[in-house]
Amino acid sequence: MSNSTFAPTGISFVKAPSRNQTTDNASVEDLVGEIIRNVRENGDAAVRDYSLRFDKSDISVFEVSAEEREAALAELAPQTRADTEFAIANVRRFAEAQLATILPLEIETLPGVHLGHRVIPIERVGCYVPGGRYPLLSAPIMTIVPAKVAGVDEVIACLPPNAHRAMIAGCHLSGADRIFKIGGAQAIAAMAYGTESVPAVNKIVGPGNAFVNEAKRQVFGPVGIDQLAGPSEIFIVADSTGDAEMIATDMLAQAEHDVRTRVGLITTDRALAEATLKQVEAQLATLSTANVAGTAWKDYGEIVVCDSEATLIAYSDHVAAEHLQVHTADPHGMAKKLRNYGSLFIGELASVVYSDKCVGTNHTLPTMGAGRYTGGLWVGAYVKIATHQWLDERGVKTVAPPAARQSASETLEGHRRAAQLRLDRLQAKH
């Protein structure tokens, strides 16, 4: 988000970002549109062409076989597998608890008028699993495990053909029914419309690069999507009790994801702001991923000093950060005052890295201000809340007269007749 759209009195930048994420998202609309059209018309042949062109992968069979799954699993180091299964168990446990809060409903709102809803799992979901710079084993866990908890019939996973083989094992352990080695916009198109190899899905979830994001936007409608997720973000709100070393460490931990990661500190204490700036520079000198994290910090990092808690809250709610950490004297009290964020980390012991990997909450979260209107991916994204109603004779006697009158006032004669017919028959019957 551009900071120029939020200019209250009472804020000053100790470090301002030098670039803007929104304007830096160079338009990929035309290329993605061409990819989608080609895959929709030519299926597997188009997918093969794009795999060769973009991923430098000459691949003829896209689906990962059972033997390949087992081989990838066997290659996992025992501790890596144990840690992956630990994360899966925690994500599953939290998703099950969330699902238990989504209840079917039956209520008699008026005598004889029965309304309700069912909680219906989506039939087939496509999970895009990014290849990324590193083998992010947490990525398939966050999209596949909640789908299985929700009761989705079939979960399709797509990951780039050159992704680390451990990612296949991650998809397998997470419960993917079928896994395909297809990446980028062509994977989104294949899942949205189906090809000779890939079945069409009902909804597509999961993060990706600018091409994946744009493809999700373009196919939305006939197929559902979770959200449009841009580069990662972390902001920390802090008062004078904040720890500069810890804040700098957490910001750089997220910054190493991508050179376009947005990181920031929003504080009421100038001394903390200046100390954090020094800490970031000092830590970058010894950070092995400084080539990525340092670029993100230079281009998109910011430190903002606010003249009051109210200004701090207002600026934080404007940013609506994907990850928002609270490092204040009363973090739980502050947390209750904040409303726009993807996921909230209350107190300095709650690091984003725990959620990114294994604590149990989902790390697929809204970015670029979308936290103003939505939360992140959760088990509820994989079910539909579908309403129903039924009436007995008492209900018809109650609702038919006003429904008929409303229809007449709107000059919808067909509606009026449908409302009146049942009432007339009841009256004739009795």
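Start with the cartoon view: this predicted model has 17 helices and 14 strands. Turn the whole thing around and you are looking at a C-alpha trace that spans about 90 × 60 × 40 Å along its principal axes. The protein has 430 residues, and buried ones make up 50% of them.

**Stop 1: a stacked pair on one helix**

Select helix α3, residues 44-55, and show the side chains of Y50 and F54. Four residues separate the two, about one turn of the helix. How many aromatic pairs does the structure have? The count is one, and you have it on screen: Y50 and F54 are stacked, with 5.7 Å from centre to centre and 5° between the planes. Those are the two numbers to look for, because a pair of aromatic rings is described by the distance of the centres and the angle of the planes. Now add a surface. Y50 is buried at 3% relative accessibility, whereas F54 is partly exposed at 34%.

**Stop 2: a lysine over a tryptophan**

Next, pick K15 and W297. The charged end of K15 sits over the ring of W297, 5.1 Å from the ring centre. While you are there, also select R19, K298 and D299, which are joined in a network of salt bridges.

**Stop 3: more salt bridges**

The whole structure holds 18 salt bridges, and three of them make a good walk.

Begin with K181 and E68, whose side chains meet at 2.9 Å, N to O. Which parts of the chain does this pair link? K181 is in strand β6 (residues 178-181) and E68 is in helix α4 (residues 66-75), so the bridge ties together distant parts of the chain, 113 residues apart. K181 counts as buried, with a relative accessible area of 17%, while E68 is partly exposed at 23%.

Then move to helix α5, residues 78-99, and select R81 and E85. This bridge stays within one helix: the partners are four residues apart, about one turn. Their closest N and O atoms are 3.0 Å apart. Both ends can be found with the surface on, since R81 is partly exposed at 30% and E85 is partly exposed at 35%.

Now go to K216 and D226, where the side chains meet in a salt bridge of 2.7 Å, N to O. K216 belongs to helix α9 (residues 210-219), and D226 sits in the loop between β8 (224-225) and β9 (233-238), ten residues further along the chain. Are these two buried or exposed? K216 is buried at 1% relative accessibility, and D226 is buried too, at 18%. Hide the surface to see them.

**Stop 4: cysteines without a partner**

Color the cysteines. How many disulfides are there? The count comes to zero. Take C127: the nearest cysteine sulfur belongs to C171, and that is 8.3 Å away, whereas a disulfide needs two sulfurs within 2.5 Å. C158 is in no disulfide either; its nearest cysteine sulfur is again that of C171, 9.3 Å away. Both are out of sight from the surface: C127 is buried at 0% relative accessible area, and C158 is buried at 0% as well.

**Stop 5: a nonpolar patch**

Put the surface back on and select L105, I107 and L115. Together they make a nonpolar surface patch of about 220 Å². To find your way in, start from L105, which lies in strand β2 (residues 105-110). L105 is partly exposed, at 38% relative accessibility.

**Stop 6: two residues with positive phi**

Most residues other than glycine have a negative phi. Two residues to check against that are A320 and M368.

For A320, phi is near 50°, a positive value in a residue that is not glycine. Look for A320 in the loop between α13 (309-319) and β12 (323-327). A320 is buried, with a relative accessible area of 0%.

For M368, phi is positive at about 55°, and this residue is not a glycine either. Where does M368 lie? It is in the loop between α15 (352-357) and β14 (383-391). Unlike A320, which is buried, M368 is partly exposed, with a relative accessible area of 24%.

Definitions and conventions: Residues numbered from 1 in each chain as written. Predicted model: local features only at pLDDT ≥ 70, side-chain atom pairs only at ≥ 80, totals over all residues. Heavy atoms only, no water. Buried < 20%, exposed > 50% of the residue type's maximum accessible area, 1.4 Å probe, protein only. Patch = residues over 30% accessible without salt bridge, like charges linked within 9 Å, V, L, I, M, F, W, Y side chains within 5 Å. Areas by Shrake-Rupley, 256 points an atom, 1.4 Å probe, with all protein chains shown as cover. Salt bridge = Lys/Arg side-chain N within 4 Å of Asp/Glu carboxyl O. Phe/Tyr/Trp six-rings, centres within 6.5 Å; stacked < 30°, edge-to-face > 60°. Lys NZ or Arg CZ within 6 Å of the ring centre and 35° of its normal.
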